[in-house]
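Biologist: I'd love a close look at how the charged and aromatic side chains pair up in this model. Could you walk me through them, starting with the salt bridges?

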Amino acid sequence: MAQYKIPVLPGDGIGPEIITEGKKVIDAAGERFGFDVDWIEYPQGADHYLETGELISEDTLKELSAYDAIYLGSIGDDRIAPGVLEKGILLAARFYLDQYINLRPIKLLEGVWCPLKDKTPADIDFTVVRENTEDFYIGIGGRAKTGTSKDLLEVSRTLYSAKFGLDIETDSEEIAYQIGMISKEGTQRVIDYSFDLAEKSDKHVSSVDKANVLSDIYGFWREEFNTIAAKHPDVKTDFNYVDAITMWFVKNPEWFDIVVTPNMFGDIITDLGAMVQGGLGLAPGGNINPNGTSMFEPIHGSAPKYKGMNKVNPIATIWAGSMLIEQLGEKEAADAIVSAIEKNILEAKVQTYDMGGSNTTTDVGSDIARILLEM
C-alpha cells in the first residue's frame, strides 16, 4: 500500500470545516484504491497569528518544502486587516515554494445549473494556466507626496510629458504606484507548461495579454509565447486581449481548451470561469511547482460569517483534493472523486443551501465518500 504524508493548513473561517470533508473523501479514495495518508496539521492562520504574532516562519516553509503536496483550507479573518494573512501566509508560501503555476479547471459538471443559456458540460471544459509569482503581484509599489526624496511626482510628470507631448501640473498632493514585472524565465516556464498540457491531451492553447496598450510588459509576453509556439508546430494557438476573453468566456466558452495568462489577468478571469461552471463552491485550484511542492485549495475565501455553522459547500475543497492526489500519481482515484462529486450533484438528495438543498457541510462530504466507496 502506498503511503503519503500530506501537510494540512486548515486556516481560517470555514477552512477547518471544508478541509475535514476533503480529508474524509481522500481517505475513502485511499481505502478503495489502496493508499494511505498521514495528515500533518499546521496551525498557521488568524488564531495562530493573534496568539503568537507569527504568520509563517522560514523554518515552517522549509519543513513544507520537504513534501510533494499541501492541502489548504482558506486564509482570511475579519479581526485582521485585509492582506496581512493573505500576503504573509498564502503569498509567502507560493513565492518560497516557487509555485509558479496556478492551475484552474473550468468544468461544468452534469447536474449543475449554468448561468449561460443553452450551454452544457460539453461546452464548458477547459483549463486556465495562470502565471503565479510575477506581474503586479511582486509587491513593489507605494505612495509619494510632493517634496519627498526623488520626487516621484516630478518624475511622473516628466515621463508623461515626454510620451504624450503634454504638460501637466505637479502640485497634486499624492500619487500611488505599483510596478508589474515579468521575466523571460518566468514567462517561458508557464507557457511551456501550457503547451505540455496541450500536447498530452491534443488541445489548443489560447494566450491572454493586453499587448495593444501595455505593450512593454505584455508585448514581451506575446513575443515569448510566439517563440515557444514555434517549437510546437502541431499545437494550434490563438491570442486574446483580456477584455475580449471575458466576452468569449460568456458567449463561446466551447472555444477554449488551455488558456495561459499572466498573473493579474488570470486572477480576474478565473473568477469569471468559476461562475461559468456554477459558482465558487464548485471551483478548485492548484498552486503548482512541477518539480517541487504544490498546494491545493478551493478558490473561494474563508467566509468568516459562516464559520462554525457547518453549512457551506465543501465540493470545491473536495475537488481540490482530487487534484492533489492526481499530482501524487493517483490518477484513477482522482478521477473517481470527480465522478463521485458529479453523482452527488445528479442525485440532488444531499446538497448545501447554495445548491438548493438544506444539508450540512458534513452531510455532503459523507455522501461523496459513500458514493466513492460504492462506485
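Modeller: Happy to; what follows goes through the charged side chains and then the aromatic rings. Please keep in mind that this is a predicted model.

Let's begin with the salt bridges, of which the count comes to 16. The part I would pick for a close look is helix α12, which spans residues 361-374. Here R370 forms a salt bridge with D367, and the closest N and O atoms are 2.9 Å apart. R370 and D367 sit three residues apart in helix α12, so about one helical turn separates them. The two partners differ in their exposure: D367 has a relative accessible area of 10% and is therefore buried, since the cut-off for that is under 20%. R370, at 34% relative accessibility, counts as partly exposed.

R370 has another partner in E374, and the side chains of E374 and R370 meet in a salt bridge of 2.8 Å, N to O. E374 also belongs to helix α12, four residues from R370, which is again about one turn of the helix. With a relative accessible area of 57%, E374 is exposed. Through shared partners, salt bridges join E347, D367, R370 and E374 into one network. Following the residues of helix α12 in that network, you pass from buried D367 to partly exposed R370 and on to exposed E374.

As for the general idea, side chains of opposite charge can pair when their charged atoms come close.

Another salt bridge worth a visit is the one where the side chains of D77 and R79 meet, at 2.9 Å from N to O. D77 is buried, with a relative accessible area of 12%, whereas R79 is partly exposed at 48%.

Some charges gather with others of their own sign. On the surface, D192, D196, E199 and D234 form a patch of negative charge. One of them, D192, is found in helix α6, residues 184-201. At 31% relative accessibility, D192 counts as partly exposed. Residues in such a patch have no salt bridge and need over 30% relative accessible area, so the 31% of D192 meets that cut-off.

Now for the rings. The structure holds ten aromatic pairs. In one of them, the ring centres of Y4 and F35 lie 5.8 Å apart with the planes at 70 degrees, so this pair is edge-to-face. Y4 and F35 link distant parts of the chain: Y4 is in strand β1 (residues 2-11) and F35 in strand β2 (residues 35-41), with their positions 31 residues apart in sequence. Y4 and F35 are both buried.

A further pair takes us back to helix α6. The rings of F195 and F225 have their centres 5.4 Å apart and their planes at 45 degrees, so they count as tilted. F195 lies in helix α6 and F225 in helix α7 (residues 215-229), so this pair ties together parts that are 30 residues apart in sequence. F195 is buried at 0% relative accessibility, and F225 is likewise buried, with a relative accessible area of 0%. Helix α6 thus holds both D192, partly exposed, and F195, buried.

To round off the rings, F126, F249 and F256 form one aromatic cluster.

Technical notes:
Residues numbered from 1 in each chain as written. Predicted model: local features only at pLDDT ≥ 70, side-chain atom pairs only at ≥ 80, totals over all residues. Heavy atoms only, no water. Salt bridge = Lys/Arg side-chain N within 4 Å of Asp/Glu carboxyl O. Buried < 20%, exposed > 50% of the residue type's maximum accessible area, 1.4 Å probe, protein only. Helix = DSSP H or I, 4+ residues; strand = E, 2+ residues; numbered from the N terminus. Patch = residues over 30% accessible without salt bridge, like charges linked within 9 Å, V, L, I, M, F, W, Y side chains within 5 Å. Areas by Shrake-Rupley, 256 points an atom, 1.4 Å probe, with all protein chains shown as cover. Lys, Arg positive; Asp, Glu negative; His and termini not counted. Charge placed at Lys NZ, Arg CZ, Asp CG, Glu CD. Phe/Tyr/Trp six-rings, centres within 6.5 Å; stacked < 30°, edge-to-face > 60°.
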